[in-house]
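User: I'm new to this structure and would like a close look at a single helix in it. Could you walk me through that part, then show me how the rest of the chain fits around it?

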Amino acid sequence: MTLRIGETAPDFTAVTTVGTIHFHDWIGDSWCMLFSHPKDFTPVCTTELGEMAGMMAEFEARGCKVIGLSPDAIEDHIVWTGDIEAVSGHVVTYPIIADSGLDVAKAFGMLSQSEVTSGPRTVAQNATVRSVFVLDPQKTIRLAMAYPFTCGRNFNEVLRALDSLQLTDAANVATPANWTNGDEVLILPSVTDAVARSAFPQGWRSPKPYMRFTTLSR
């Protein structure tokens with residue numbers, strides 16, 4: 001099963017480093033970013049979880065909860081968080097799902113349904129468990145990204161995309177390439193010029209008939 005943008009994220013109950021959670025209930029009315037890892041005690045993932053721990057205030061300011069996932073046991077997760085703090089200097093406060101049964105990874109389409117948990121699994125076997133999902137408060141998948149396990153993720157890009165999603169939900173605009181908060185945005189083609197004059201009294205520039213750039217504060 002492959003999940004697509006616009007679909008409802010799977011619900012599940014799982015043991016995490018902060019206790020058992022019911023995923024949709026845990027999200028509540030917040031946005032959510034779920035990011036997965038192929039195995040505990042791996043170097044790239046250790047840097048990622050530490051980086052995320054240091055950026056929690058940025059996600060919280062945007063009303064976005066963060067949750068990690070790795071297909072290892074809860075006991076390994078707890079020891080691993082100590083390593084993460086020692087390496088990064090940041091305490092991991094967000095939950096990490098113990099997905100040793102691979103149930104969540106399969107539900108999100110990161111592993112084939114035929115994968116089995118018997119015996120120790122390697123990073124290579126779990127290589128596709130390297131995804132980022134951003135969900136809105138309705139539990140709809142709004143963004144999905146997959147990475148190779150050799151490439152550390154850029155969480156500033158996740159924040160940039162989250163800013164775009166929240167901004168474009170609030171106004172009839174889209175964000176152009178390399179947009180960051182405060183840059184010009186694009187008025188949606190579905191908005192007529194007549195409606196745009198009322199909605200965007202500051203006006204716009206139009207280098208092509210189908211492109212209308214304007215400035216919009218977040």
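Analyst: Let's start with helix α6, where F155, V158, L159, A161, L162, D163, S164, L165, Q166 and L167 are buried. Keep in mind that this is a predicted model, so every value here is computed from predicted coordinates.

The helix itself covers residues 155-170, which makes 16 residues. From its first C-alpha to its last, α6 reaches 23 Å, close to the 22 Å expected at 1.5 Å a residue. At the N-terminal end there is a cap: a side-chain oxygen of N154 lies 2.9 Å from the backbone nitrogen of N156. As for the spacing of buried positions, an α-helix has 3.6 residues a turn, so residues three or four places apart point the same way.

What does the helix pack into? The largest nonpolar core has 27 residues, and α6 gives the largest share of this core, 6 residues. Other elements join in: β3, α2, α3 (56-61), β4, α4 and β6 (131-135) each supply at least two residues, as does α6. The core residues with the most contacts inside it are M33, F35, M52, F59 and Y94.

M33 is a handy place to see the helix meet its surroundings. Leaving aside residues up to four places away in sequence, M33 touches F155 and V158, both of which are among the buried residues of α6. The other contacts of M33 are M52, F59, C64, K65, V66, I67, V132, F133 and V134. Apart from this core lies another one, of 23 residues, with I21, L34, V129 and L135 among them.

Now step back to the whole protein chain. Its secondary structure comes to 7 helices and 11 strands, and its C-alpha atoms fill a box of roughly 65 × 40 × 30 Å along the principal axes. Buried residues make up 45% of the 218 residues. If you take contacts between residues at least 6 apart in sequence, 62% of them join residues at least 24 apart.

Just past the helix in sequence you run into β8 (173-174), which belongs to an open sheet of 4 strands in the order β8-β9-β11-β10, with antiparallel pairing. β8 and β10 stand at the edges with a single partner strand each, so one side of each is left without a neighbour in the sheet. Inside the sheet, β9 and β11 (residues 211-215) pair over 3 bridges, and V185 has T214 in β11 as its bridge partner. On the other flank, 2 bridges join β10 to β11, and K208 stands opposite M211 in β11. These two strands, β10 and β11, form a hairpin with 2 residues between them.

The sheet also carries a charged pair. R205 and E184 meet in a salt bridge, 2.8 Å from N to O. The two sit 21 residues apart, R205 in strand β10 (residues 205-208) and E184 in strand β9 (residues 184-187). R205 is partly exposed at 41% relative accessible area, and E184 is partly exposed too, at 28%.

That pair is one of 11 salt bridges in the count. In general, side chains of opposite charge can pair when their charged atoms come close. Another of them joins D72 to K39, with the closest N and O atoms 3.5 Å apart. This one links distant parts of the chain: D72 is in the loop between β4 (64-70) and α4 (74-88), while K39 is in the loop between β3 (31-36) and α2 (43-54), 33 residues away. D72 is buried, with a relative accessible area of 10%, whereas K39 counts as partly exposed at 24%.

There's more charge pairing in the stretch before the helix. R142 forms a salt bridge with D136 at 3.2 Å between the closest N and O atoms, and D136 is buried at 5% relative accessibility. E48, R130 and R153 are linked in a network of salt bridges.

R130 turns up again with A146, a residue of strand β7 (residues 141-146). Not counting residues up to four places away in sequence, A146 touches R130 and S131. A146 counts as exposed, at 65% relative accessibility. Its C-alpha atom is 8.2 Å from that of V129, 17 residues apart along the chain, and V129 is one of the residues in the 23-residue core.

Methods. Residues are numbered from 1 along each chain as its sequence is written. This is a predicted model: local features need pLDDT of at least 70, side-chain atom pairs count only at pLDDT 80 or more; totals for chains, interfaces and linings use all residues. Side-chain values use heavy atoms; hydrogens and water are left out. A salt bridge is a side-chain nitrogen of Lys or Arg within 4 Å of a carboxyl oxygen of Asp or Glu. Buried means under 20% relative accessible area, exposed over 50%, partly exposed in between (1.4 Å probe, protein chains only). The expected span of a helix is 1.5 Å times one less than its number of residues. A polar contact is a pair of N or O atoms within 3.5 Å; within protein, one must be able to donate a hydrogen and the other to accept it, and residues adjacent in sequence count only if both atoms are side-chain atoms. Two strands pair if DSSP finds at least two bridges between them. A nonpolar core is a set of buried Ala, Val, Leu, Ile, Met, Phe, Trp, Tyr and Cys residues joined through side-chain atoms within 4.5 Å. Contact means heavy atoms within 4.5 Å.
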